[in-house]
Amino acid sequence: MPRSLPRSVSRGVVALMLSCTLLLTTAACGDDDASANGAATPTASASFEQQRLAKTRFVANAGLAAGATYQWIVKPYRAGKFKKGADGRTLALVKAGLAGAFTYNRLKAAMNNAKGDPLLSKAVAPLTAGIESLKELGTKLRKGEVGDADVGAFENIIDSVKDAGKSAGAEVVDKVPSASQLSGG
């Protein structure tokens, strides 16, 4: 009759064997080139997928920016909602201010997404300065200090982003964000 090891020793032996097995299988699965420089190299299909997702994300972010601009900045401005004494002016200005900040944020995200696709990146690169110029317009809208030039700046940038996306095969369609998206919730 074989003699059994004490329970604590047998658990230690099992743990040691599992650790060695895990260590050996991990080392065997590694790529010499990847472990030498600390990073794996992307495959062609991974690169294609990254570019496809870059365009998709660009279209989504730019579409939300365009939708917010037209819904809460351009339309109310053209309807006279920002003029002193207009019904609902305060609410329209608050929404416009939120939409301005939201638009800036989504356009920055779209520009970042565009970096994943070479053609799209080249198409939107000239728009960086214009997008940066929108940074303070959200506050200006909220305070009611907005004019034709300010609303025109939003329209021009959105139209330029749409044109750049279309030229790179990433057509942007307006998508009005929900109130919770607009407020950052």
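1. Let's start with a polar link between two threonines. In this predicted model, the side chain of Thr103 makes a polar contact with the side chain of Thr69, at 3.1 Å. Thr103 sits in helix α4. Is Thr103 buried or exposed? With a relative accessibility of 0%, Thr103 counts as buried, because the cut-off for that word is under 20%. Setting aside residues up to four places away in sequence, Thr103 touches Ala65, Ala68, Thr69, Phe154 and Ile158.

2. Now follow one of those partners, Ala65. This residue belongs to helix α3, and Ala65 is buried too, with a relative accessible area of 0%. Beyond residues up to four places away in sequence, Ala65 touches Thr103, Arg106, Leu107 and Ile158. Look also towards the far end of the numbering: Ala65 and Leu182 are 117 residues apart along the chain, yet their C-alpha atoms are separated by 9.9 Å.

3. Helix α3 also holds Asn61. Which side chain does the side chain of Asn61 meet in a polar contact? The partner is the side chain of Arg106, at 2.5 Å. Asn61 has a relative accessibility of 11% and therefore counts as buried. If you leave aside neighbours within four places in sequence, the contacts of Asn61 are Arg106, Ala109, Ala110 and Asn113.

4. Here is the wider picture. The secondary structure consists of nine helices and zero strands, so if you read from the N terminus, the order is simply α-α-α-α-α-α-α-α-α. The protein has 185 residues, and buried ones make up 33% of them. Take the contacts between residues at least 6 apart in sequence: 78% of these join residues at least 24 apart. The accessible surface comes to about 11,600 Å², and carbon and sulfur atoms account for 58% of that area.

5. Next, the nonpolar core. In soluble globular proteins, nonpolar side chains tend to be buried together. Here the largest nonpolar core has 39 residues, and those with the most contacts inside it are Phe58, Leu107, Val124, Ile131 and Val161. Which elements give two or more residues to this core? They are α3 (44-78), α4 (89-114), α5 (118-124), α7 (137-142) and α8 (148-167).

6. Phe58 is a good residue to click on. Leaving aside its neighbours within four places in sequence, Phe58 is in contact with Ala110, Asn113, Ala114, Leu120, Val124, Val161, Gly165, Ala170 and Val172. Two names in that list, Val124 and Val161, also appear among the core residues with the most contacts.

7. Helix α8 deserves its own point. Why does its length agree with expectation? At 1.5 Å a residue, the 20 residues of α8 should span 28 Å, and the end C-alpha atoms are indeed 28 Å apart. The buried residues of α8 are Asp150, Val151, Gly152, Phe154, Glu155, Ile157, Ile158, Val161, Ala164 and Gly165. To read such a list, it helps to know that an α-helix has 3.6 residues a turn, so residues three or four places apart point the same way. Just after α8, Gly169 takes a positive phi of about 80°.

8. Gly97 and Arg142 make a nice pair to view together. Gly97 lies in helix α4, while Arg142 is found in helix α7. Gly97 counts as buried, at 0% relative accessibility, whereas Arg142 is partly exposed, with a relative accessible area of 40%. Not counting residues up to four places away in sequence, Gly97 touches Gly138, Leu141 and Arg142, and Arg142 touches Leu93, Val94, Gly97 and Leu98. Two spacings are worth checking on screen. The C-alpha atoms of Arg142 and Gly100, 42 residues apart along the chain, lie 8.8 Å from each other. For Gly97 and Leu182, 85 residues apart along the chain, the C-alpha separation is 10.0 Å.

9. Finally, the aromatic rings. A pair of aromatic rings is described by the distance of the centres and the angle of the planes. How many aromatic pairs are there? The count is one. The rings of Tyr77 and Phe82 have centres 6.0 Å apart and planes at 50°, so this pair is tilted. Tyr77 is partly exposed, with a relative accessible area of 23%, but Phe82 counts as buried, at 7% relative accessibility.

Terms used. Residues numbered from 1 in each chain as written. Predicted model: local features only at pLDDT ≥ 70, side-chain atom pairs only at ≥ 80, totals over all residues. Heavy atoms only, no water. Core = buried A, V, L, I, M, F, W, Y, C linked by side-chain atoms within 4.5 Å. Buried < 20%, exposed > 50% of the residue type's maximum accessible area, 1.4 Å probe, protein only. Helix = DSSP H or I, 4+ residues; strand = E, 2+ residues; numbered from the N terminus. Contact = heavy atoms within 4.5 Å. Polar contact = N/O pair within 3.5 Å; in protein donor to acceptor, adjacent residues only side chain to side chain. Areas by Shrake-Rupley, 256 points an atom, 1.4 Å probe, with all protein chains shown as cover. Phe/Tyr/Trp six-rings, centres within 6.5 Å; stacked < 30°, edge-to-face > 60°. Expected span 1.5 Å × (residues − 1).
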